[in-house]
Structures are given as C-alpha cells and as structure tokens.
Amino acid sequence: MADREVGALIVGGGVAGAACAEALHEGEFGGQVLLVGREPDPPYERPPASKGYLAGAQDRDACLIHDAGWYAKRSIELATRTSVMRLDTAAREATLSTKEVVEYGVALIATGANVRRLRVDGAQLEGIHYLRALGNADAIRAHAEEAGDIVLIGGSYIACEVAATLTSLGRRCTMVMVEDAPLSTHFGATAGGFFGALLRERGVELVCGDALERLEGSQRVERVVTASGREIAADMVVMGTGAMPDVMLARAAKLELGETGGVACSADLETSARGVWAAGDVCEYDSVLHGGPVRIEHFEVARAQGRAAAAAMLGTRRPYEELPYFWTDLSDWATAEWVGITEAPEREVVRGDVDGGAFSVFHLAGGRMVAALSVGRGGDLPHAQRLIAAGTELSGREAALVDGDPDAL
Ligand SMILES: Cc1cc2nc3c(=O)[nH]c(=O)nc-3n(C[C@H](O)[C@H](O)[C@H](O)COP(=O)(O)OP(=O)(O)OC[C@H]3O[C@@H](n4cnc5c(N)ncnc54)[C@H](O)[C@@H]3O)c2cc1C
C-alpha cells in the first residue's frame with residue numbers, strides 16, 4: 001500500500017532528470033512531479049568537474065542546473081540525498097531510502113553512470129582518484145595542491161581535461177594511454193595528433209600505446225608500472241577509465257537491458273515496462289539515425305533525451321532522432337566540438353589548418369559523412385550536421401568539403 005501518489009517519478013538527479021522535470025513543468029503536466037536524487041546537491045552539470053570547477057575558477061552554485069528554489073517555485077518536489085531502492089513496475093510503486101512508498105503514474109529512469117574501476121594490483125592504495133561527482137573534483141584539487149607527480153590513466157576526454165586543468169594550475173602531469181594519441185578513439189587520427197602535440201607543448205608528458213599494469217606503493221601510491229615495464233613516479237593517480245551505466249535499480253526491477261549494458265528502450269525512449277522511460281547515460285535506445293541500439297554519454301544528449309521523455313509522458317510520442325553533439329575543453333588551450341553517429345572511422349577529410357589550431361575533420365564512411373569534429377572552426381558544424389543527418393551521398397564531391405562551399409553540397 002503506497003504512502004502517497006505522484007503523477008511523475010524521476011529517478012536520478014542529473015541533467016537528464018532535471019531536463020525531464022523542466023519540460024514536464026513547461027508542458028503543464030497535470031500531476032505532482034517528484035525528482036529523486038542520491039547526491040547532496042540539486043542536479044548539476046558534470047562537465048565543470050574536470051574543467052572550471054576543478055580549476056577553482058567556477059564555484060559549486062555556478063554548476064547547478066537550477067538552484068533548489070527554482071524547483072520549489074514550480075511545485076517540483078526535489079528529494080536530494082534520497083535513493084529509489086526498489087521499483088515495482090506492475091504496481092507502479094517505488095520504495096525510497098526514506099522507506100516511503102510512492103505510487104506513480106509515469107516514471108523516468110535517469111540513473112546515469114558510475115566510473116569504471118580497474119581491478120589491477122595496487123588499486124586499493126591511497127591516492128588513487130576517480131572523477132564523476134563534484135566531491136571527487138574537490139578531492140582531486142586538494143590532493144593536487146601537494147602532489148609533485150600526477151599520473152592520469154586513459155586517453156579519453158576525462159584524462160585529457162584533468163591533465164590540462166592540473167597542468168594549468170602548475171602541476172606536473174603524465175598521461176598513460178593504450179591509444180596511439182589522446183582523444184583519437186573518439187575524434188580520429190588527425191585530431192589525436194593535434195591534441196597530442198598540444199598537450200606535450202603545454203608540458204604534459206604522454207605515454208601512448210602502453211597500458212596500466214599495476215600500481216605500487218606501501219600504503220599510498222608511489223609508482224605506476226605499465227605493461228611495457230615502464231615505471232613512472234606518482235604521488236597521485238587519476239583514473240579516466242570510462243563509465244558504466246548504473247542499471248542496479250533497473251535490473252532489480254526486471255527491466256530489459258540492452259547489448260551495451262544500458263536500459264533497453266524503444267525509439268521513443270520507453271523501457272520494457274509501460275509508462276517507464278529512460279534518458280541519459282543509462283539509456284540504450286533503438287536509434288533510427290544509427291540504425292540500431294546505441295547508448296551515448298554526452299551532456300547535451302542527456303538533456304535532450306530528458307526533454308524527449310517528458311514529451312512522451314505528455315502524450316507526444318516520436319522517435320528520438322537528434323544528432324549527438326559533444327564538446328571538450330582542454331583548459332583554455334583548445335575546445336573541440338563534435339557531431340556524429342560514428343566514432344572515428346578511417347576515412348578523414350580535413351579542412352583548415354591543423355597546425356594553426358583552426359580546422360575541421362569530416363569523417364566519411366560508405367560515401368557519406370558520419371561525423372565531424374571542429375577546433376576553432378565551429379561554423380563548419382551546422383553544414384556537417386545537415387549532411388550527416390540527411391545522409392547526403394558525397395562521392396566525387398569531397399573536394400568541396402576541403403575548400404569549397406559546403407552549402408553547395
Ligand atoms: C568529469 C566529467 C566531465 C564531463 N565533461 C563532458 C563534456 O565536456 N561534454 C559532454 O558532452 N559530456 C561530458 N560529460 C558527460 C556528461 O556529464 C554526462 O553524459 C551526463 O552528466 C549524463 O547525465 P545523466 O543525467 O544521464 O546522468 P548523471 O549525471 O550520472 O546523473 C544520474 C544521477 O542519478 C543518481 N542515481 C543513480 N541511481 C539512483 C537511484 N536509485 N536513486 C536516486 N538517484 C540515483 C546518481 O547518483 C546521479 O546523481 C562529463 C562527465 C564527467 C563525469
């Protein structure tokens with residue numbers, strides 16, 4: 001027997017959950033909206049945790065999507081420091097960590113992702129950090145103030161951004177990655193070369209094509225040992241080793257899970273339980289654009305999916321077809337923006353001046369553009385976006401991508 005009823009239950013206080021609550025309010029959803037989040041803060045933006053907030057240039061309040069008063073004024077009940085412990089999708093009931101049982105009309109699973117922890121020898125030593133929440137950024141910044149040698153594991157955006165931020169604060173950073181170049185998995189070889197050169201030029205040491213083998217030290221970490229046998233002194237280590245969708249609640253509720261490990265959803269983001277949608281890092285949806293199931297861990301995608309789920313709850317059901325957009329900032333050294341449906345395929349067409357730091361890379365597959373990356377040439381992206389979304393056949397007209405008028409394509 002439920003203690004009370006709400007119209008919409010949103011599980012997870014990240015950007016996807018906040019965007020859903022916001023769109024429900026804008027769409028004049030009739031019932032009470034309850035947004036339940038396990039963290040102490042109201043929903044906030046995670047990107048500053050590796051950038052301005054980590055640098056100490058942006059304070060905690062500036063990271064909030066809205067302050068607590070914003071929700072209160074809109075009759076959105078925000079329960080922070082609260083978890084949904086159990087979801088019964090047949091009875092449409094949720095049990096909260098407060099022991100309260102809430103009956104809901106519709107629900108959103110927006111439980112996000114957790115860091116992927118590496119189980120190597122020495123992983124339990126002190127001085128090893130992961131980064132997901134603002135609290136992790138606080139710990140990294142505090143520790144970095146006294147650390148001489150900082151090692152970052154990974155070649156993706158978290159490790160690159162943290163290395164850039166801490167180097168800008170005057171710290172000595174070394175990155176260890178299996179990739180041949182930083183950011184190359186996502187952005188391709190040309191961009192990888194550019195970011196590798198940029199990081200080196202600014203003083204970051206790069207160890208590429210090598211994997212973390214183990215961490216050594218007596219109580220605290222003192223050394224990183226790589227698969228090739230290299231030993232790197234480390235007073236602290238930051239692991240940028242990816243994230244895994246948080247499906248604990250969904251799995252226990254017997255929601256269908258997908259092939260990427262996320263919550264399996266239809267094209268309009270509904271899960272296998274009627275009236276329960278998913279959005280954000282946890283959502284694996286049947287994408288019309290990608291031609292199959294996909295799960296995307298980007299901020300703007302989480303926001304757009306939260307809004308799309310709200311639209312479906314309000315009665316407008318349509319496939320989620322927005323082209324994924326992602327950006328990364330390496331301190332104030334460079335910003336890269338990316339749109340696309342596929343990570344770094346082999347074929348690249350470059351426009352602009354890579355060495356000068358103003359270029360776009362168009363990724364092609366099967367005669368069509370499937371992704372585009374831009375550094376200092378953001379004006380190229382809308383054209384690329386249009387070509388990717390329309391699936392325009394480009395064969396024989398690639399020269400126009402390099403120096404022609406993209407509008408003519
Ligand atoms: C350091 C960092 C930097 C980033 N930088 C960028 C960037 O530059 N550009 C970009 O596009 N993306 C970036 N991202 C990725 C982006 O932030 C994520 O894609 C986005 O935050 C996902 O939002 P979400 O709402 O799906 O999940 P999350 O933000 O993970 O929020 C989910 C919330 O749900 C809570 N929760 C889980 N289970 C329960 C439960 N049972 N009950 C209650 N609450 C629960 C979690 O504690 C969490 O607070 C970055 C991520 C990180 C960590």
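This briefing looks at a ligand and its protein surroundings, then at one residue, Thr174. The model is predicted, so local features need pLDDT of at least 70 and side-chain atom pairs count only at pLDDT 80 or more, while totals for chains, interfaces and linings use all residues. Residues are numbered from 1 along each chain as its sequence is written, and side-chain values use heavy atoms, with hydrogens and water left out.

**Around the ligand**

- The ligand has 36 residues around it, each with a heavy atom within 4 Å of it.
- Glu39, Arg46, Lys51, Arg132 and Asp281 come nearest.
- This shell divides into 16 nonpolar, 11 polar (Gly is counted here) and nine charged residues (Asp, Glu, Lys and Arg).

**Polar contacts with the ligand** (pairs of N or O atoms within 3.5 Å)

- Arg46 places a polar side-chain atom 2.6 Å from an oxygen atom of the ligand.
- For Asp281, a polar side-chain atom lies 2.8 Å from a ligand oxygen atom.
- His298 takes part through a backbone N or O atom, 3.4 Å from an oxygen atom of the ligand.
- Taken alone, the ligand exposes 1,000 Å² (Shrake-Rupley method, 1.4 Å probe), and the protein buries 97% of that.

**Elements that supply the shell**

- Helix H1 (15-26), helix H6 (157-168), helix H10 (299-313) and strand S21 (325-330) each give two or more residues to the shell; helices are DSSP runs of at least four residues (H or I) and strands of at least two (E).
- H6 gives the largest share, three residues.

**A look at Thr174**

- Thr174 sits in strand S10 (residues 172-176).
- Thr174 counts as buried (under 20% relative accessible area) because its relative accessibility is 11%.
- Leaving aside neighbours within four places in sequence, Thr174 is in contact (heavy atoms within 4.5 Å) with Ile150, Val151, Leu152, Glu205, Val207 and Ile232.

Notes: A polar contact is a pair of N or O atoms within 3.5 Å; within protein, one must be able to donate a hydrogen and the other to accept it, and residues adjacent in sequence count only if both atoms are side-chain atoms. Buried means under 20% relative accessible area, exposed over 50%, partly exposed in between (1.4 Å probe, protein chains only).
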